[in-house]
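Got the structure open in your viewer? Here's a short tour, one selection at a time.

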Amino acid sequence: MPRTVWFPGHMAKGKRKLEELAKKLDIIFELRDARAPQLTSSPMTVQLSKICPVYIVLTRADLAEEGATKAWLSFFASQKSKAWAFNLLEGKIQSLRRDLTKMKPSHRELRLAVVGIPNVGKSLFLNLLVGKKRAQVGGIPGVTKGVSWYKGQDILAVDSPGILDPHSHNEVHRRLAWLGSSKAQVIGGTDVVALSLIEFLKERGYWHLIEEKWNIENEAEESLITLEKIGRRLGCLVSGGRVDFSLAGQRFLDTFSTGKLGRITLEWPGERYPWEID
Ligand SMILES: Nc1nc2c(ncn2[C@@H]2O[C@H](COP(=O)(O)OP(=O)(O)OP(=O)(O)O)[C@@H](O)[C@H]2O)c(=O)[nH]1
Ligand SMILES: [Mg+2]
């Protein structure tokens, strides 16, 4: 069965460029979303880590459950992987900066790259590292299209486009769309992807967040009815007063991915998925 995934040309090109560049780097920061540190790992890490050290930065710590983020940091420490977790919007990355100072070669600046899947905060992090708002930041995946160098004090840093693994299981792409790192429109439609998220939230005991946000009561009813009710609350209507499910799906996904539904972590260390076990 053909896979329907989002893998535009700039991702393939960015991947090739990063592979070429890696030899010139001292370190690589791999950014992942703190709400799903396993699902949002970069498909490039294994290969790049053979060339230079790769350190993990969990972003959006403000949108993840605190206990889960602590558990993830302990997990990475147990794996001997260096990792930090930040709310990049706050801009406080001093703990990481101190470590960078120790890593700088004495004779030249520190050369590093920021890599990861789309929309995890790579460009925002790079701007914090170089101390200026230089790289373009945006709320949709695929904002950065090329590999570019930026200069900061004692730092030369590369920003890179978000790169996905086109061979990941469809369910992985779907979950990445929940987080805003893949495009729901390309992988089945915003309504279908939103319905899968509603199912997940019900299964994991987060129904109350939907109930509180939109004043919707019946958890037992079908997710399609839930989405219809959300669509009505949000005014996503077409002529005749019917709900526009694509728009309702998009608005629901936006609410979730930007954390407006509350702090939710999708996975904990050691989480195994049915598609990995098959
Ligand atoms: N709440 C929150 N939002 C964040 C955080 N980090 C990044 N963002 C937001 O996430 C969005 C994406 O940030 P970018 O820096 O453009 O992400 P990117 O990884 O460069 O994205 P691409 O270039 O599209 O791959 C922006 O709206 C940021 O403001 C964070 O720690 N917390
Ligand atoms: Mg970017």
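Start with ligand 1 and pull up the residues around it: there are 26 of them, and Gly-121, Lys-122, Ser-123, Thr-144 and Gly-162 come nearest. "Around" here goes by the C-beta atom, placed from the backbone, lying within 6 Å of the molecule. Before you click further, note that this is a predicted model, where local features need pLDDT of at least 70 and side-chain atom pairs count only at pLDDT 80 or more, while totals for chains, interfaces and linings use all residues. Residues are numbered from 1 along each chain as its sequence is written, with chains lettered from A and ligands numbered from 1 in the order in which they are written.

Colour that shell by class and you get 11 nonpolar, 12 polar and three charged residues. (Ala, Val, Leu, Ile, Met, Phe, Trp, Tyr, Cys and Pro count as nonpolar; Asp, Glu, Lys and Arg as charged; the others, Gly among them, as polar.) Which helix gives the most to the shell? Select α5, residues 122–130: this helix supplies three residues. Helices are DSSP runs (H or I, at least four residues), numbered from the N terminus.

Next, zoom out and select 9–159 as domain 1 and 189–268 as domain 2; these bounds come from an automatic or database domain assignment. Their centres, taken over C-alpha atoms, are 31 Å apart. At the junction, 10 residues of domain 1 are in contact with seven of domain 2, contact meaning C-beta atoms, placed from the backbone, within 7 Å. The domain 1 side of this contact has six nonpolar, one polar and three charged residues.

Now select helix α7 (190–203) together with α9 (223–233): they pack at about 110°, axes 9 Å apart. Axes are lines fitted to C-alpha atoms over the stretch in contact, and angles run from 0 to 180 degrees between N-to-C directions. That angle makes α7 roughly perpendicular to α9, the label for 65 to 115 degrees. To see the contact, show Asp-191, Ala-194, Leu-195, Ile-198 and Glu-199 of α7 with Ser-223, Leu-224, Thr-226 and Leu-227 of α9. Those residues divide into five nonpolar, two polar and two charged.

Last stop: keep α7 and add α10 (245–257), where the axes come within 7 Å and cross at roughly 50°. The pair is therefore oblique, the class left over once under 35 (roughly parallel), over 145 (roughly antiparallel) and the perpendicular range are taken out. Among the residues that meet here are Val-193 and Leu-197 in α7 and Phe-245, Phe-252 and Phe-256 in α10. The full contact divides into seven nonpolar, four polar and one charged.

Notes
Helices (H or I, at least four residues) and strands (E, at least two) are DSSP runs, numbered from the N terminus. Two residues are in contact if their C-beta atoms, placed from the backbone, lie within 7 Å. Ala, Val, Leu, Ile, Met, Phe, Trp, Tyr, Cys and Pro count as nonpolar, Asp, Glu, Lys and Arg as charged, and the others, Gly among them, as polar.
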